[in-house]
Amino acid sequence: QEKGEDANSAELYRQKWDHMFQERAHFEWHCDFDKVSSLLDPYFKAALTRTASQEPVEENAIVDVGCGSSSLCVDIFKQFAAASGPSLQKLLLTDVSPYILDVMKEKYKDDDVVKDSTSFHVVDCRYLNSIGINNESMSVVLEKGTIDAMDGEEDKVAILRECLRVMRSNGVVISISFPAVARLQMLEEEVKRWSERGEGDPLNMHVHVVGSGDPARGGTVVFVAVIGSIPCSIFRVSYAMSGADDTSELCDVID
């Protein structure tokens, strides 16, 4: 639960992002669904298939940790809600900004695929347990730009740890960020720390760079990190299957 300084910082985040979204309520941060769908599709299928075969659950859920105005998580849900094989049944959209969640509710109020399966939660995403998101309860966890938006390394790490905490043992975390070397170092350190706890299977991480051109010269590039206990072979195959001309492999699997 939020206490003391954390509660104060949560209120500052709410004020900051309410103001930001009132000025830019319809903006897709980093990348849209079309840019990463072919890249991520095999990861999602592998995670949902493993969950169905090894750890059956009543419903597979996906959570967007700090959704903002992005439609990426909704588009992922819609693709897999209609899947003939293992599918998603529940979508959680979370954000610290009440304003943007009202915008998102309005945006999807007439979408038959989304409206009956989606819940909206105003929450400090460092504390997802405050809205009842339990350990290992989410089959897919998406974090797109939320870590980027946090002030200070401690808050950035707190978001990533929450993503890892709520991911099911056979699930997957997708983290999409600015192309910063410091982000890769933080992700690698936390993935190794999480794996060294000895609880469940060790985590693998694969990072892709998506975009084109040199960022220093106006090119648009983002890092797409995929984290999970999915076998390394799936991680390698998924890259080979992506086939996108403007997508290149940044680093090998980190075991």
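This passage describes the largest pocket and selected salt bridges of a predicted model. Local features require pLDDT of at least 70 and side-chain atom pairs pLDDT 80 or more, whereas totals for chains, interfaces and linings use all residues. Residues are numbered from 1 along each chain as its sequence is written, and side-chain values use heavy atoms, without hydrogens and water.

The largest pocket (an open set of points on a 1 Å grid over the protein atoms alone, where a 1.4 Å probe fits, with protein on both sides within 12 Å along at least five of seven lines) holds about 360 Å³ of space. Its lining comprises 21 residues, a lining residue having an atom within 4 Å of a point. W17, G66, G145, T146 and A149 lie nearest the pocket centre.

The structure contains 15 salt bridges, each defined by a side-chain nitrogen of Lys or Arg within 4 Å of a carboxyl oxygen of Asp or Glu. In the bridge between D148 and R183, the closest N and O atoms are 3.0 Å apart. This pair links distant parts of the chain, 35 residues apart. D148 is buried (under 20% relative accessible area), with a value of 18%, and R183 is buried at 7%.

R165 and E162 also form a salt bridge, with a closest N to O distance of 2.7 Å; R165 is buried at 15% relative accessibility, and E162 is buried at 8%. In the bridge between K109 and E106, the corresponding distance is 2.8 Å. K109 is partly exposed (between the 20% limit and the 50% above which a residue is exposed, 1.4 Å probe, protein chains only), at 44%, and E106 is partly exposed at 48%. A network of salt bridges links D124, R126 and D155.

Technical notes: Points joined across faces, edges and corners; volume = space filled by probe spheres on them. Helix = DSSP H or I, 4+ residues; strand = E, 2+ residues; numbered from the N terminus.
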